[in-house]
Amino acid sequence: MQFQLSSKKISWMYIMALTIDAMPAYNESESVANVILDCRKYVDKVVVVDDGILDNTIELTESLSAYVDHHETNKGHGEALKNCFEIACKLEAHSMIIIDSNS
């Protein structure tokens, strides 16, 4: 988009700032759906890191169109958090909020 200001043209570039909510999850089927729905009000994308989940948490998160990253086995909270940061970089997020999936 260009605007004419006196004799100079000024180009404006709009930058989209992506804000994500990232949450490690391990067997959180009782609460994860409500957390995702609440978070969607405030962020552009919800990311769930599946840390070797054994219940139906993944089915719930995928049905709510959350971005899901899978660990084949439970690697612990620290590794899940590391993945949250890696995903934020991959998605070129401007900011990331980390929240508990059972809040």
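These exercises work through a predicted model of one protein chain.

Residues are numbered from 1 along each chain as its sequence is written, and side-chain values use heavy atoms, with hydrogens and water left out. Because the model is predicted, local features need pLDDT of at least 70 and side-chain atom pairs count only at pLDDT 80 or more, while totals for chains, interfaces and linings use all residues.

**Exercise 1. The elements**

Task: State how many helices and strands the protein chain has, and give their order.

Solution. Step 1: The terms come from DSSP runs, numbered from the N terminus: a helix is a run of H or I with at least four residues, and a strand is a run of E with at least two. Step 2: The chain has three helices and six strands. Step 3: Read from the N terminus, the order is β-β-β-α-β-α-β-α-β.

**Exercise 2. Strand 3 and its partners**

Task: Find which strands pair with strand 3, and which residues stand opposite I20.

Solution. Step 1: Two strands pair if DSSP finds at least two bridges between them. Step 2: Strand 3 (residues 19-25) runs parallel to strand 6 (residues 95-98), with four bridges. Strand 3 also runs parallel to strand 4, with six bridges. Step 3: I20 has M96 as its bridge partner in strand 6, and K45 stands opposite I20 in strand 4.

**Exercise 3. Cover on strand 3**

Task: Decide whether the two faces of strand 3 are covered or open.

Solution. Step 1: A residue is buried under 20% relative accessible area, exposed over 50%, and partly exposed in between (1.4 Å probe, protein chains only). Step 2: One side of strand 3 holds T19, D21, M23 and A25, the other I20, A22 and P24, and all of them are buried. Step 3: Both faces are therefore covered. For the chain as a whole, buried residues make up 34% of the 103 residues.

**Exercise 4. The surroundings of T19**

Task: Classify T19 and list its contacts.

Solution. Step 1: The relative accessible area of T19 is 19%, so T19 is buried. Step 2: Contact means heavy atoms within 4.5 Å. Leaving aside neighbours within four places in sequence, T19 is in contact with V43, D44, K45, S95 and I97. Step 3: A polar contact is a pair of N or O atoms within 3.5 Å; within protein, one must be able to donate a hydrogen and the other to accept it, and residues adjacent in sequence count only if both atoms are side-chain atoms. The side chains of T19 and S95 make such a contact, at 3.1 Å.

**Exercise 5. L81 in helix 3**

Task: Place L81, classify it, and say which residues it touches.

Solution. Step 1: L81 lies in helix 3 (residues 77-90). Step 2: With a relative accessible area of 22%, L81 is partly exposed. Step 3: Apart from neighbours within four places in sequence, L81 is in contact with P24 and I98. Step 4: L81 and P24 are 57 residues apart in sequence, yet their C-alpha atoms are 6.5 Å apart in space.

**Exercise 6. Cysteines**

Task: Say how many disulfides the structure has, and whether C84 and C89 are buried or exposed.

Solution. Step 1: A disulfide is a pair of cysteine sulfur atoms within 2.5 Å. Step 2: The search of the whole structure finds zero disulfides. Step 3: C84 has 0% relative accessibility, so it counts as buried. C89 has 62%, so it counts as exposed.
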